[in-house]
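Student: Please take a close look at the enclosed space inside this model, and then at the helix packing. Which residues are involved in each?

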Amino acid sequence: MAEVLAPEKKEGLFSKNNKKLLTDPLDDNNPITVQVLGICSALAVTTLVFPSIVITIAVVFVCAFSNLLTSLLRKSIPSQVRMIVQLVIVATLVTVVELSLKAINFDVYKQLTVFIGLIITNCIVMGRLEAFAMANTPWKSFLDGVGNGLGYGLILIVVSVVRELFGKGSLLAGTPLEMKMIGATSEYWINTTADGWQSFMFGWYQNNNLMVLPAAAMFLIGIYIWIQRSRNTKLVDIS
Amino acid sequence: MRSTRYIFTFVAIMTVVVALLLSLMSVGLKDIHDQNEAIFNKKAVLAAIETELGEDVKASKMADEEVLGIFDNNIEQQVIDFDGNEISIEDVESRGYKGGLAEHVDMKKERKKPEEERIFPLYMYSSDSGEKAYIVTVRGSGLWDEIWGNIALKDDLETVIGASFDHQGETPGLGAEIKDNSSWVRQFQNKKIYDEEGNYTSVNVRKGGARNERYEVDGISGATVTADGVTDMLYTGIQYYLPYLETLTKK
């Protein structure tokens with residue numbers, strides 16, 4: 001059950017082992033591209049960058065604190081009902097996130113309400129609780145949660161940047177920082193209808209509607225896995 | 001293995017702690033949630049008259065204060081009944097809507113009542129230059145769940161200024177286009193709700209493309225049921241308001 005058996009000797013807060021817990025999920029042990037967990041939400045929320053960032057923050061929060069709480073309780077949780085206890089912890093934290101978001105940014109809440117509920121069933125969260133937090137100390141579990149949340153978020157943000165840029169021509173739409181990159185009106189940085197080099201170079205350009213559909217995320221994650229494995233050959237299965 | 005007694009105690013304590021935490025949080029944030037919800041609904045009303053508010057105005061991107069400002073200065077609210085009579089604030093409150101204004105009426109609850117007992121919220125917009133618009137609220141059924149919208153009529157009671165739609169659970173990319181696809185929604189601008197002979201037609205969503213430019217808009221491919229739902233909703237929904245609006249313009 002346990003992935004890493006914790007050595008019982010004293011370690012610094014950010015010792016080499018602990019740092020590895022934080023950085024491993026970003027590349028070598030990425031929850032999406034290597035563990036292949038949490039794909040469903042990665043396909044659904046990545047049409048725009050801003051919601052992806054919000055979901056990332058929510059998942060980091062839920063993952064880290066559910067790991068921490070489970071690890072603190074790991075010696076008193078009765079093993080017969082451990083899954084139910086884990087589920088209650090995750091569901092509580094997700095509800096906390098949902099209620100806070102509803103108060104802070106209602107528009108994003110409306111847009112993400114379905115997916116936030118689905119964090120409860122996000123396989124990354126439950127997977128880390130069962131595989132790591134039940135067998136490791138609270139601090140290590142907390143780092144593992146943050147790391148896995150960030151690893152998930154990294155893919156989400158990479159995919160959503162590509163999808164929003166090529167699908168809608170903008171970045172960070174829906175925020176004050178919105179950047180309009182390429183499009184057919186004067187609001188855009190590259191205006192494909194303006195005279196001069198812009199229409200000469202980009203007059204042919206049209207937003208790619210495929211990028212808005214969930215299928216595009218599947219392709220992009222596939223391409224990411226391809227690039228990642230050709231750079232990092234130890235991830236390649238020999239079979 | 002733990003004893004059964006231990007398991008029960010553990011689960012009981014956990015449940016109480018979690019329930020207490022969540023209910024405290026929910027009660028504590030309720031005011032902010034209600035306020036956010038109200039502004040969200042007001043933005044949907046303003047989305048129907050976006051073109052009147054100025055060029056390139058997007059109701060969904062307005063600041064909260066701006067929305068409330070327009071509601072305070074330019075919009076008059078009225079609740080009417082099925083026969084087209086005005087209903088007083090006290091009467092609306094006695095029907096269970098605290099506040100008693102049009103914005104407090106819950107169409108979802110009203111839709112469950114028999115037609116004759118329903119009440120309808122109406123927003124009357126007058127611009128700073130004196131132009132008038134009437135925004136009516138309609139509600140109907142899509143493919144999976146309810147759909148609803150706001151339609152703005154000019155004071156000739158015939159021309160549509162604009163519309164905004166929302167839905168509970170239509171399919172993204174298909175039925176959900178009624179909300180997400182702004183160019184589809186824009187088709188409603190300048191449509192008429194009467195045909196050339198003056199018969200009430202409402203605005204119809206026509207599968208395969210509008211045939212009568214006067215009162216039809218193009219359908220959405222792959223979303224025929226939702227589109228038919230919009231047609232039905234508009235036909236019955238706008239009709240409820242006509243008796244009252246006619247008495248208004250006769251004055």
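Tutor: A cavity is a set of points, on a 1 Å grid over the protein atoms alone, where a 1.4 Å probe fits but cannot get out, and its lining residues have an atom within 4 Å of a point. The model is predicted, with pLDDT of at least 70 needed for local features and 80 or more for side-chain atom pairs, whereas totals for chains, interfaces and linings use all residues; side-chain values use heavy atoms, without hydrogens or water. Residues are numbered from 1 along each chain as written, and chains are lettered from A and ligands numbered from 1 in written order.

One cavity of 30 Å³ or more is present, and the largest has a volume of about 30 Å³ (the space filled by probe spheres set on the points). Its lining consists of Ser41(A), Val45(A), Ile55(A), Val59(A), Phe115(A), Ile119(A), Asn122(A) and Tyr152(A). By class, six of these lining residues are nonpolar, two are polar and none is charged.

Turning to the packing, helix H3 (residues 49-73) of chain A and helix H4 (residues 82-104) of chain A have axes (lines fitted to C-alpha atoms over the stretch in contact) that come within 9 Å and cross at roughly 145 degrees. From H3(A), Val54(A), Ala58(A), Phe61(A), Val62(A), Phe65(A), Ser66(A), Leu69(A), Thr70(A) and Leu73(A) make the contact (heavy atoms within 4.5 Å). Their partners in H4(A) are Gln86(A), Ile89(A), Val90(A), Leu93(A), Val94(A), Val97(A) and Leu101(A). This contact of H3(A) with H4(A) comprises 13 nonpolar, three polar and no charged residues.

Notes:
Axes fitted to C-alpha atoms, helices over the stretch in contact; angles between N-to-C directions. Helix = DSSP H or I, 4+ residues; strand = E, 2+ residues; numbered from the N terminus. Nonpolar A, V, L, I, M, F, W, Y, C, P; charged D, E, K, R; others polar. 1 Å grid on protein atoms, 1.4 Å probe; cavity = no way out; pocket = protein on both sides within 12 Å on 5 of 7 lines; lining within 4 Å.
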